[in-house]
Amino acid sequence: MIVQTIGSKVNMLMEDEFGIVYLIENAQQFWSELEDILRIPGGNTATLSMLDASLRRFISLCASYHEQFLQSPLQLEHACELLLDSDLFTFHSERMCELLVDDVQSNTDPHFQLITFTVLLYFGRRKSSFLRSQKRWQPLVPLLMDHVLVDIDSDIEDVYLGTGSVSGGGSSRSSMLVTPIAIEAKLRSLGVRLLYEVCRVQKLSVQDLSIFSDSFIDTMFELVEKTRYMHDETFNYSVIKLLVALNEQFMVASLTTGGPTPVPQTPISTARPAEAHNRVLNVLISRLGSSKTFGENMIFMLNRANRTAEDLCMQLLVLKLLYLLFTTKGTSEYFYTNDLCVLVDVFLRELVDLDEESESLRHTYLRVLHPLLTKTQLRDIPYKRPQIVMALESVIQNADIRDINPTTKRLVERCLSGDWCVQLRKDVRGKEFQNVQGDFRKESPSHDVVAFTTQDGLSQKPIAPPLHSGHPKVYVYTPKPKTMKPSKSAENLKNAPSQRSPPRSVNENMRRPSTDSAASLGGIASATATAVKRRDKVSSADDGTYANRQIGAAHFHSRSPPSPSALSLPATSPTFPPKAHRRAPPPAPPKRRKPPAVPVGTTNGGATITAIASSSSVAILNPVGKVGKSHT
């Protein structure tokens, strides 16, 4: 590339392998040049050599100007999408891929390799069969591993991701830096992503996996620890996904070879023989104390997973490694207790939220849940066990209205058959039985209440202590004998006895029960004008007070009033004979004549002056017998 400076304007000149010199002044000119390169002549004039030349010119132009016009991942992705949407890959994708694979092995320019591997990555995501081709990727895997093993300073890599540490005056601060992007950091990140995609979709044999040595895997674990404090966690998560994908490959390679089933669908239950030959697990066991970030971020990734196809595959791979860690002696307590509690929360959410299309993922969660609760520290820590039982039962409930997968039912029953669940159910059932018994005893009526409900009423007989005693009175309830209630109809008033009952005091008239009809209300009016008749109510505080007054003067002046619990129903009221008719009121006095007006004087004309009616002071009686002034 030739940089030409004219005044304050900088022009970049680039000469490709075909001898063509490009003068790029701005981004618009760069994107226009890319579109011109991808424009293939119509008709049958285009030859294979012209197609190959167009592809190589496109890669060379992007490799030369990617640091100026393809700095962000979105810009680089857009350039790759332009190439993949063109006629070169629409009609000649097989030839273009073979050409790129051959060129990337022969051309050692890192910029050229960066653009070429990026195009292969995006094309593999569009067409997964390209990533499954071992013939094409077998020679590329060592190249990618070489880029991954490049040692890069963490501060330089943090600058590449957009932030860096600036030191000055003995202090450091974090700030945004505009520096050239390190091509080694870009190639390392791209190599990890490509290796993960290849290990995710392919089924590698033991011989193919021999290239992933213990030193390479140990370097990956160490890389996770070194990049734990980076602001951008994308690279850290990419390395973890590569490790869990390699773990899956070692698990499958140690099994008996079978059909070409997809890697993520391998059951966990058949992965036990893979432990002895699993290099990922063996290396992790050798560095349990120095790989805590790997376990923490793995649970964090599981917690933040979405419902995309890529995240669902990642969940399966992470869960299978968790199963090995929980069931392997020496690694069952690898995680911190707090991380295990977070993992339980994730399981509770996913078991309920997963739809029927993700039934295989639910099976994997259920397979891992059993050792999680029985092999780890949670076997002695009862964390959310009632919620776990409720979530498991909800997965297989309502079997009469929906179909329950037999595998799901079997896995749920295995989780519920654990010692922690059996003991929990016994305790819950025992408490429910005690609560039921307590409710029964609380709601059972006493013998006194039963006796009261079977009798017409209760009579109150106070057991009065000596008058000089200060103890409160105690009342004993005894059934009253049934008596015939007097009729309240007007026909029985004719047979009333002529003898009147002795006069009663005002207070006694107020508290005595009455069975009189409306015709006998005059007796109360004649007894007192201020007395108010109270209705006899069962178990009211007023009745208890008036009943105490009937006992005697000594009880009436007692210092200790009865407690509210000692108040009882009113005593049996005696039968009173019907009262006689009240005496008719006296007749009204006869009307008096209005006296004539008294003359006061005469006027000059001889007219008589009389007093006005309002000034008259003569008192007269109104018809009801009240005294008032006369009004004329």
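Biologist: How many Å² does the protein chain expose, and what do carbon and sulfur atoms supply?

Modeller: Accessible areas come from the Shrake-Rupley method with a 1.4 Å probe; for residues, only the protein chains shown count as cover. Here the protein chain exposes about 37700 Å². Carbon and sulfur atoms supply 54% of that. This is a predicted model: local features need pLDDT of at least 70, side-chain atom pairs count only at pLDDT 80 or more, and totals for chains, interfaces and linings use all residues. Residues are numbered from 1 along each chain as its sequence is written, and side-chain values use heavy atoms, with hydrogens and water left out.

Biologist: Where is confidence lowest, and where highest?

Modeller: pLDDT is the predictor's confidence in each residue, from 0 to 100. The chain averages 73, and 59% of the residues score at least 70. Strand S4 (residues 163-168) is lowest, at a mean of 38. Helix H5 (residues 110-126) is highest, at 95. Helices (H or I, at least four residues) and strands (E, at least two) are DSSP runs, numbered from the N terminus.

Biologist: At what angle do helix H3 and helix H4 pack?

Modeller: Two packed helices are described by the angle between their axes and the distance between the axes. Axes are lines fitted to C-alpha atoms, for helices over the stretch in contact; angles run from 0 to 180 degrees between N-to-C directions. H3 (residues 73-85) and H4 (residues 87-106) pack at about 65 degrees, axes 4 Å apart.

Biologist: Which residues make the contact?

Modeller: Contact means heavy atoms within 4.5 Å. H3 gives Leu83, Leu84 and Asp85; H4 gives Asp87, Leu88, Phe89 and Thr90.

Biologist: How many helices and strands are there in the protein chain?

Modeller: The protein chain has 26 helices and eleven strands.
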